[in-house]
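Biologist: Before we discuss particular residues, I should like each term to be set against its definition. Please take the labels one by one.

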Amino acid sequence: MKKLICANWKMSLSREESLHLTSTLGSESFPSKAQVILHPSFLFLTEIVEMLKGTKIAIGAQDCSAFDKGAYTGQIRAKNLAEIGCVTVILGHSERRSFETNIDIQEKAKQAQKAGLLPIICVGENDPKQRAKILTQQIQECCPKTGNFILAYEPLYAIGSGQSASLSEIHEAASLIKSLQPSSPVIYGGSVSPSNAGEILSLDSIDGVLVGGASLKAESFLKIIQSI
Ligand code: PGA
């Protein structure tokens with residue numbers, strides 16, 4: 001299976017920066033084992049999908065609504081994301097969990113699956129001692145009972161901190177997640193950088209990475225992709 005190299009651009013880039021980064025990445029060739037998926041701002045998805053036509057880079061969104069359609073001002077319908085060419089959607093990122101519940105995340109994942117999107121459901125603990133309990137509960141409550149989805153293991157203390165979880169922690173968590181959801185690919189996120197991506201991606205239990213800060217510059221993101 002290919003290794004998934006997912007970029008989460010969050011709310012970090014201007015339109016000009018997003019399009020410039022897209023154009024640089026679009027002109028590169030990647031190792032055949034890499035499947036690159038960018039998650040830009042909603043506002044630039046259509047332009048970026050157009051720019052990357054004919055390349056192997058796929059595009060996803062950073063969230064979607066838990067509802068199918070209707071009177072939900074400001075929300076983004078999963079089906080519309082699929083219509084404009086998105087293939088994945090990041091759900092349950094810890095930066096959103098202060099205002100959404102596990103049940104909301106499961107409803108969003110079901111809407112995404114119904115629309116033909118592959119949900120990337122984020123799980124992760126803040127206290128390593130609570131790891132097994134938190135991951136088990138999040139997986140039980142956030143994941144749809146059927147259909148395909150990816151699980152992103154993102155321990156909160158590693159996100160944006162410059163200090164990734166250790167290889168043994170990543171392997172332990174990914175193995176636990178795989179024992180609970182054997183058919184779902186597991187990717188790791190939290191301070192992935194050019195210096196640690198190679199060893200993280202070489203773990204048997206890890207099917208890819210979700211990269212925040214280091215995906216905002218072509219140079220560092222390309223090094224991560226090349227480290228496969
Ligand atoms: P980071 O973010 O790579 O900047 O730690 C990862 C994420 O939040 O998905």
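Modeller: Buried means under 20% relative accessible area, exposed means over 50%, and partly exposed lies in between, with a 1.4 Å probe and protein chains only. The model is predicted, so local features need pLDDT of at least 70 and side-chain atom pairs count only at pLDDT 80 or more, while totals for chains, interfaces and linings use all residues. Residues are numbered from 1 along each chain as its sequence is written, and side-chain values use heavy atoms, without hydrogens and water.

Biologist: Why does Ser 191 count as buried or exposed, whichever applies?

Modeller: Ser 191 has 18% relative accessibility; the cut-off is under 20%, so Ser 191 counts as buried.

Biologist: What is Lys 10 called, with a relative accessible area of 23%?

Modeller: The value of 23% falls in between the two cut-offs, so Lys 10 is partly exposed.

Biologist: What is the phi of Ser 191, and what is that of Lys 10?

Modeller: Ser 191 has a positive phi of about 55°, and Lys 10 one of about 50°; neither Ser 191 nor Lys 10 is a glycine. Most residues other than glycine have a negative phi.

Biologist: What makes the approach of Glu 154 to the ligand a polar contact?

Modeller: A polar contact with the ligand is a pair of N or O atoms within 3.5 Å. An N or O atom in the side chain of Glu 154 is 2.7 Å from a ligand oxygen, so the pair qualifies.

Biologist: How do you know that Lys 3 has no salt bridge?

Modeller: A salt bridge needs a side-chain nitrogen of Lys or Arg within 4 Å of a carboxyl oxygen of Asp or Glu. For the buried Lys 3, the nearest side chain of opposite charge, Asp 207, is 5.4 Å away, so there is no salt bridge.

How values were computed: Polar contact = N/O pair within 3.5 Å; in protein donor to acceptor, adjacent residues only side chain to side chain. Lys, Arg positive; Asp, Glu negative; His and termini not counted.
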